[in-house]
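Trainee: I have the sequence and the structure open and would like to work through a few points. Can we take them one at a time?

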Amino acid sequence: MTLPGHKSDFVSVNGIRLHYLDWGGKGSTLIFLTGMGSSAYIFSKFAPRFNDRFRVLALTRRGHGDSDHPENGYDPDTLIEDICQFMDKLEIEKAILAGHSIAGVELTHFAATHPGRVEKLVYLDALDDRRGHQEIQEKNPLRNIEIKHEESNPHSVEEYIADMKRDFPDFADIWNEVWDEEISHNVTMNEAGVVVDKMPASVETAMIEHLINEYVPKRVSAKIPILSFYALGKRNLSAYTQEQKEKFDDFHRNIRQPFFKSVISEFQSRFPHARIVEIPNGHHYCFIAQEELVYEEMSRFLQVTNE
């Protein structure tokens with residue numbers, strides 16, 4: 001697979017430098033926002049499929065990928081100010097925002113704060129309200145089970161990727177050239193010559209605190225067209241015993257699934273006009289694993305609301 005061409009560039013906003021990708025195109029601007037730990041490169045195959053109808057960009061959040069990694073600024077107000085100033089620098093008055101995972105918080109918070117600058121919102125398995133999620137995780141029967149792996153100190157990106165595929169079968173299941181490119185921008189080599197994550201653990205901790213543990217969705221008063229995908233699939237449990245798999249299946253069926261159904265219902269109550277698409281066996285990275293379904297639904301939504 002050859003990834004479509006793009007322009008890679010940086011913009012100075014809010015006292016830091018942010019990285020972004022630009023696939024060109026004409027029409028309304030469509031900006032992709034990443035999940036926690038990802039960079040703009042995660043959209044390298046999916047995003048450019050829309051540049052026949054839109055100007056398509058993807059932004060790498062502070063603390064991620066090739067963007068600057070400041071010690072602070074991971075609260076919702078600062079993160080959406082980054083987006084707002086990014087749009088200002090590129091002279092984008094109004095945009096469609098499509099966010100993955102934790103970017104759901106940024107979508108809702110941005111729309112509530114700057115409704116006049118949002119044309120449409122697309123949530124890619126992107127919860128904007130994760131209250132109660134930690135309590136559910138504590139009931140996960142696999143939470144304290146450690147899968148032992150051979151200790152490894154990767155001395156190349158290739159070795160790092162091999163370790164990642166071994167340790168995280170959910171990613172190995174959907175690995176392609178996009179991931180090779182994505183990982184190359186998310187790692188660095190330390191003084192010992194070992195390849196490690198660029199993103200400091202402190203950034204992840206700050207984002208969990210501000211965007212998961214503390215965040216209460218801000219009220220969006222404007223009626224903005226919304227499409228929201230929910231991937232309701234299970235983890236790859238190949239590393240676990242049969243007994244452990246059965247316990248997780250029970251947890252998934254009786255606790256996890258009902259919780260996410262309640263999350264969907266709550267989102268729909270706040271946005272009764274939103275189109276909800278549930279993907280029963282979906283992967284969290286649904287725009288990669290279920291690319292055609294997500295592309296078709298998103299294309300239909302953007303076309304209908306664009307007319």
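Trainee: How far apart, N to O, are R166 and D167 in their salt bridge?

Mentor: This is a predicted model, so the value is computed from predicted positions. R166 is partly exposed, with a relative accessible area of 36%, and D167 is also partly exposed, at 27%. Their side chains meet in a salt bridge, and the N to O distance is 2.7 Å.

Trainee: E119 forms a salt bridge with K120. Is K120 buried or exposed?

Mentor: The closest N and O atoms of E119 and K120 are 2.8 Å apart. E119 has 22% relative accessibility, so it counts as partly exposed. Buried means under 20%. K120 has 1% relative accessibility and therefore counts as buried.

Trainee: With which residue does R270 form a salt bridge?

Mentor: The partner lies with R270 in helix α8 (residues 242-270), four residues apart, about one turn of the helix. An α-helix has 3.6 residues a turn, so residues three or four places apart point the same way. R270 counts as partly exposed at 26% relative accessibility, and the partner is partly exposed with a relative accessible area of 27%. The closest N and O atoms are 2.7 Å apart, and the partner is E266.

Trainee: How many salt bridges does a search of the whole structure find?

Mentor: Some salt bridges are linked in a network, as with K45, R49, E291 and E292. The pair R166 and D167 is another case of a salt bridge. For the whole structure, the search gives 22.

Trainee: Why do the buried residues of α4 line one face of the helix?

Mentor: Helix α4 covers residues 157-167, and Y160, I161, D163 and M164 are buried in it. What covers these buried residues includes α5 (169-172), α6 (177-184), β7 (187-189) and β8 (195-197). They line one face because, seen down the axis of α4, they fall within an arc of 160°.

Trainee: How many of the eleven residues of helix α2 are buried?

Mentor: Among the buried residues of α2 are A103, E106, H109 and A112. The cover over the buried residues of α2 includes β3, α1 (76-89), β5 (95-100), β6 (118-124), α7 (201-213) and α8. Helix α2 (residues 103-113) is largely enclosed by the rest of the structure, because the number of its residues that are buried is ten.

Trainee: T29 has 9% relative accessibility. Is T29 buried or exposed?

Mentor: T29 lies in strand β3 (residues 29-33). Not counting residues up to four places away in sequence, T29 touches R55, L57, I92, K94, A95 and I96. The cut-off for buried is under 20%. At 9%, T29 therefore counts as buried.

Trainee: Which element gives the most to the largest nonpolar core?

Mentor: In soluble globular proteins, nonpolar side chains tend to be buried together. The largest nonpolar core here has 47 residues, of which I31, F86, M87, L97, F110, L121 and F267 touch the most other members. With seven residues, the element that gives the most to this core is α8.

Trainee: How many residues are in the other core that lies apart from it?

Mentor: L97, named for the largest core, touches I31, L107, F110, V118, K120, L121 and V122, not counting residues up to four places away in sequence. The other core lies apart from the largest one, and Y41, V56, V122 and I183 are among its residues. Its number of residues is 42.

Note on methods
Residues are numbered from 1 along each chain as its sequence is written. This is a predicted model: local features need pLDDT of at least 70, side-chain atom pairs count only at pLDDT 80 or more; totals for chains, interfaces and linings use all residues. Side-chain values use heavy atoms; hydrogens and water are left out. Buried means under 20% relative accessible area, exposed over 50%, partly exposed in between (1.4 Å probe, protein chains only). Helices (H or I, at least four residues) and strands (E, at least two) are DSSP runs, numbered from the N terminus. The arc is that of the directions from the helix axis to the C-beta atoms. Contact means heavy atoms within 4.5 Å. A salt bridge is a side-chain nitrogen of Lys or Arg within 4 Å of a carboxyl oxygen of Asp or Glu. A nonpolar core is a set of buried Ala, Val, Leu, Ile, Met, Phe, Trp, Tyr and Cys residues joined through side-chain atoms within 4.5 Å.
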